[in-house]
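Open the model in your viewer and show it as a cartoon. Keep the selection box ready for a short walk through its hollow spaces.

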Amino acid sequence: MNASKEKKEKISTRRTYLLLSRSLFRLLEDTPFEKISLIQLCDHSMVPRSTFYRYFEDKYDLLYYSLQTFFEEADQNKDLIYLKDGKGRKFVTKLIHTLDQNRDSFRKICLTNKNGVFMDILRDYLIQLLDEKTEELKKDGCSLQISQPVFTYLLADLYISMAKCYLESDEPYPAERFVDDVCLFAEREFF
C-alpha cells in the first residue's frame with residue numbers, strides 16, 4: 001500500500017469514527033440510549049451499516065469508544081483518583097470546562113438518559129478507568145486504606161453526580177466556582 005492511500009485510509013477511518021460518535025451523542029440528546037437503533041445511527045451519521053460493522057461490533061462498542069475518547073480529551077491521568085490536596089483539581093477543571101463547552105447538549109443527554117442504561121454504562125466505564133489508575137498507583141507504591149471496589153464505585157458515582165449537578169442546575173453556575181466548591185467538598189471544608 002502506498003503512503004498516499006494509507007494516509008487517505010487513516011483520514012477516512014478517523015472521519016467515520018467522528019461521524020458515528022457525534023451522531024450517537026446527538027441522538028442521545030432526544031432518545032434514550034436503549035431506544036437508539038443501529039439503523040437510526042447509521043442514517044443520522046450517513047455511514048452505511050457495513051461500514052459501521054467494519055469498526056464496531058454494536059452500539060455499545062461505539063458508546064465505549066466515545067466515552068474513552070471523551071475522557072482522553074478530558075486529560076485524565078493518575079490524578080483522576082485524587083480530589084485532595086489539589087491533585088485532582090486539574091482533572092475536575094478540565095472535565096467541567098469540557099461539559100461547559102457543550103453544556104446544552106450534555107444537559108439534554110443527561111436529562112434524556114438519567115433513568116436509562118446509559119448512566120449504568122457510564123458508571124461501569126468510570127469504574128474500569130478508576131481501577132486502571134488505582135493499579136498504576138499501586139505500582140508506584142501507593143495503597144488504598146479502603147477496598148478498591150468501594151473506592152472506585154463511590155468515586156465513579158461522585159464524578160457522575162458532580163457532572164449531573166453542574167448540568168442540571170437551574171441557576172447559572174460559573175465553572176471556576178463549581179470546581180472550587182467540588183474541591184472544598186473533597187477537603188471536607190463545608191463551613
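This tour of a predicted model visits a closed cavity and then an open pocket.

**Stop 1: the cavity**

How many cavities of 30 Å³ or more does the structure hold? There is one. Its volume is about 290 Å³.

Select Phe-70, Leu-99, Phe-118, Leu-122 and Ala-163. Of the 18 lining residues, these five are the closest to the centre of the cavity.

Now colour the helices around this cavity. H4 (59-73), H5 (89-101), H6 (103-113), H7 (117-139) and H8 (148-168) each give two or more residues to its lining. Which of them gives the most? Pick out H8: it supplies five residues.

Next, colour the cavity lining by residue class. You will find 17 nonpolar residues, one charged residue and no polar ones.

**Stop 2: the second largest pocket**

Move on to the second largest pocket, with a volume of about 550 Å³. Select Arg-22, Phe-25, Glu-73, Asn-102 and Phe-106. Among the 19 residues that line this pocket, they lie nearest its centre.

Which helices should you highlight here for giving two or more residues to the lining? Choose H1 (3-28), H4, H5 and H6. H1 gives the most, with seven residues.

Colour by class again. The lining of this pocket has six nonpolar, eight polar and five charged residues.

**Last look**

Show both linings together. H4, H5 and H6 each give two or more residues to the cavity lining, and H4, H5 and H6 do so for the second largest pocket as well.

Terms used. Residues are numbered from 1 along each chain as its sequence is written. This is a predicted model: local features need pLDDT of at least 70, side-chain atom pairs count only at pLDDT 80 or more; totals for chains, interfaces and linings use all residues. Side-chain values use heavy atoms; hydrogens and water are left out. On a 1 Å grid over the protein atoms alone, a cavity is a set of points where a 1.4 Å probe fits but cannot get out, and a pocket is an open set with protein on both sides within 12 Å along at least five of seven lines; lining residues have an atom within 4 Å of a point. Grid points are joined across faces, edges and corners, and a volume is the space filled by probe spheres set on the points. Helices (H or I, at least four residues) and strands (E, at least two) are DSSP runs, numbered from the N terminus. Ala, Val, Leu, Ile, Met, Phe, Trp, Tyr, Cys and Pro count as nonpolar, Asp, Glu, Lys and Arg as charged, and the others, Gly among them, as polar.
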